[in-house]
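Let's take a walk through this structure together, starting with one side chain and working outwards. Keep the 3D view open as you read.

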Amino acid sequence: MQYKSTRNSKLRLEASQVIAQGISSEGGLFVPESLPNVKSDLQRLAKLNYQGLAKEIFRLFLTDFTEEQIDHCVQSAYAPEKFGGEPVRLISLTESVGRKHILELWHGPTCAFKDMALQILPYFLTVSVSKTAPDKETVILVATSGDTGKAALEGFRDVPGTRVMVFYPQDGVSPMQKRQMSTQEGGNVGVCAIEGNFDDAQTAVKKIFTDSSIKEVLAEHGFMFSSANSINWGRLLPQIVYYFYAYFKLCKGNELAIGEPMNVDVPTGNFGNILAAYYAREMGLPIKKLICASNANKVLTDFINTGIYDRRREFYTTSSPSMDILISSNLERLLYAISGEDSATLSGWMEQLSDQGHYDVGDTVRSKVREIFFGGFCDDTATARTINNTWKNDRYLVDTHTAVALDVYRQYVESEGDGSTPTVIASTASPYKFVGSVLGALEPLGDGDEFENISRLESLTGTTAPLQLKTLRDKPVRFNTSIENSQAARYVLKSLGIGE
């Protein structure tokens, strides 16, 4: 298996090269030259546990890794003690519309779905760098809307041969997410706030990645850049696994027979998590519809429905901040595939987005997108109502992002009349990561801080907050720097001791 760039189809690199590099030199994203089809192998794969399934899928894509290296990566990342058992859980909700099954992806160290990929990416990267640049120290740059940052910091904490630097929007993450990042332990980590929104942070990081002069300076001092954002194929690949696992769990629970379809519903910002489901579908997993759920920043909803991507709009700071994004990087990978891998056309769209703020993919591509995807959005009022209704009707507590997905699923059933297809809804974070919004949806908020709200929510619902969140109260704040996005490159070089 080799990889090419969305903006250079002639390029061919090994898996270790694309994971170590993160993003292509011309700004494109790496994609497999072809997707393996496992449709005829579903019966065998269904018998495997999570770790076994991950190994089988990874070996199809990481063909320059040895079996021993893949086994080490999987066993180290998905050890039961890190996730309290199997890494994901599937919970059925039976008291309201449709056949809903919540895929809990947040039982890892940072209580968010990003752990599913960022616990294994450091192992992928260590193997990759040992093959491609054994004499270099890797600098991991991350732009985060909240969850990726903490998961990357935790995943790469004190990993030999790496430094990790995280940039987050100053006022665009929840208080708990900010607390998680600002108190991060480890000798090789750094955290910095950007005065702006997530798109500003993401743009700053991408500019650093594609600046040849900065890369030359790093190389002179023994460093190389890589990414832990979902632009890195090593971030996206692990997410494919849990959609297969969820499907097989439905089959084992007699919700489906192998070969029958399910739907997948994902709360979406940067389009990585739902893109992994698309790749699983293209590999032969029976997925009928991919339901793309947005919050008030509904650029993806509008794109799916019109074929026009337009970031020239008001930006909203919402109760589901991990989705507060107007430039969804991974959509580029989908458009590359659906447009027939036309790098020239794709590059033109991305140039238009950068220069003019919008592009139109035309009727043919729009029709292909609409055939596979349903797009809907949910504002903060509907988000709070969904949290409240889900607790009252199902006695199940959800965070703000999962609530967005649940409300858009309701919209899908009402619009398409498809309440009979079992639907897996990705639950991307513990409700306690957004405790103020969740508690406020159930009863009036008082003047308490995040930790007092945790205690109130526990008492009100009889649920238990993750210990790793409760103990943040006593951890000292290590990082409180805030800069303009234009200063990001200078900050990186200074942090590495090679700039003023």
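**Starting from an asparagine**

The side chain of N232 is in polar contact with that of S226, at 3.5 Å. Keep in mind that this is a predicted model. Where does N232 sit? You'll find N232 in the loop between β9 (223-227) and α12 (233-252). Is N232 buried or exposed? Its relative accessibility is 0%, so N232 counts as buried. Setting aside residues up to four places away in sequence, N232 touches V18, I19, G22, S226, S227 and R333. I19 is a nice one to click on: 213 residues separate I19 and N232 along the chain, yet their C-alpha atoms are 6.2 Å apart.

Now step back from the loop to β9 itself. This strand belongs to an open sheet of five strands with parallel pairing, in the order β9-β6-β7-β8-β16. The edges are β9 and β16 (482-483), each of which pairs on one side only. Helix α23 (residues 488-495) packs on this sheet and touches β6, β7 (162-169), β8 (189-194), β9 and β16. The direction of α23 makes about 150° with that of β7. As for the pairing at the β9 edge, β6 (residues 137-143) and β9 run parallel over five bridges. One spot to look at is V139, whose bridge partner in β9 is F225. As a general reminder, strands of a sheet pair through backbone hydrogen bonds, either parallel or antiparallel.

Let's turn to another strand, β15 (residues 423-427). How many of the residues of β15 are buried? Five of its five residues are, making the strand mostly covered. T423, I425 and S427 point one way, V424 and A426 point the other way, and all are buried. What does β15 pair with? Strand β5 (residues 100-104) runs parallel to β15 and is joined to it by five bridges. Strand β10 (residues 262-267) also pairs with β15 in the parallel sense, over three bridges. I425 is a handy landmark here: I102 stands opposite I425, and D265 has I425 as its bridge partner too.

Another asparagine is worth a stop. N295 has its place in the loop between β11 (287-294) and α14 (299-306). With 0% relative accessibility, N295 counts as buried, because the cut-off is under 20%. Which side chains does the N295 side chain meet in polar contacts? One is T318, at 3.0 Å, and another is S320, at 3.0 Å. Leaving out neighbours within four places in sequence, the residues in contact with N295 are T318, S320, M323, D324, F377, C378 and V404.

From F377 and C378, follow the chain on to D379, which caps the N-terminal end of α18 (residues 380-394). The cap places a side-chain oxygen of D379 3.2 Å from the backbone nitrogen of T381. Helix α18 has 15 residues and reaches 21 Å from its first C-alpha to its last, close to the 21 Å expected at 1.5 Å a residue. Its buried residues are A382, T383, T386, I387, N388, T390, W391 and D394. What covers them includes β4 (89-93), α19 (400-416), α20 (435-442) and α21 (450-461). Just after the helix, R395 takes a positive phi of about 55°.

For another helix, try α3 (residues 50-61). Why does its length look right? At 1.5 Å a residue its twelve residues should span 16 Å, and the end C-alpha atoms are 17 Å apart, so the two agree. The buried residues of α3 are Y50, Q51, G52, L53, A54, I57, F58 and F61.

Finally, zoom out to the whole protein. There are 23 helices and 16 strands. The C-alpha atoms fill a box of roughly 60 × 55 × 50 Å along the principal axes. A compact globule of 500 residues would have a radius of gyration near 23 Å; the protein has 21 Å, so that agrees. Of the 500 residues, 60% count as buried. Among contacts with a separation of 6 or more, 75% are between residues 24 or more positions apart.

Methods
Residues numbered from 1 in each chain as written. Predicted model: local features only at pLDDT ≥ 70, side-chain atom pairs only at ≥ 80, totals over all residues. Heavy atoms only, no water. Buried < 20%, exposed > 50% of the residue type's maximum accessible area, 1.4 Å probe, protein only. Helix = DSSP H or I, 4+ residues; strand = E, 2+ residues; numbered from the N terminus. Pairing = 2+ DSSP bridges. Expected span 1.5 Å × (residues − 1). Contact = heavy atoms within 4.5 Å. Polar contact = N/O pair within 3.5 Å; in protein donor to acceptor, adjacent residues only side chain to side chain. Axes fitted to C-alpha atoms, helices over the stretch in contact; angles between N-to-C directions. Rg over C-alpha atoms; globule rule 2.2 N^0.38 Å.
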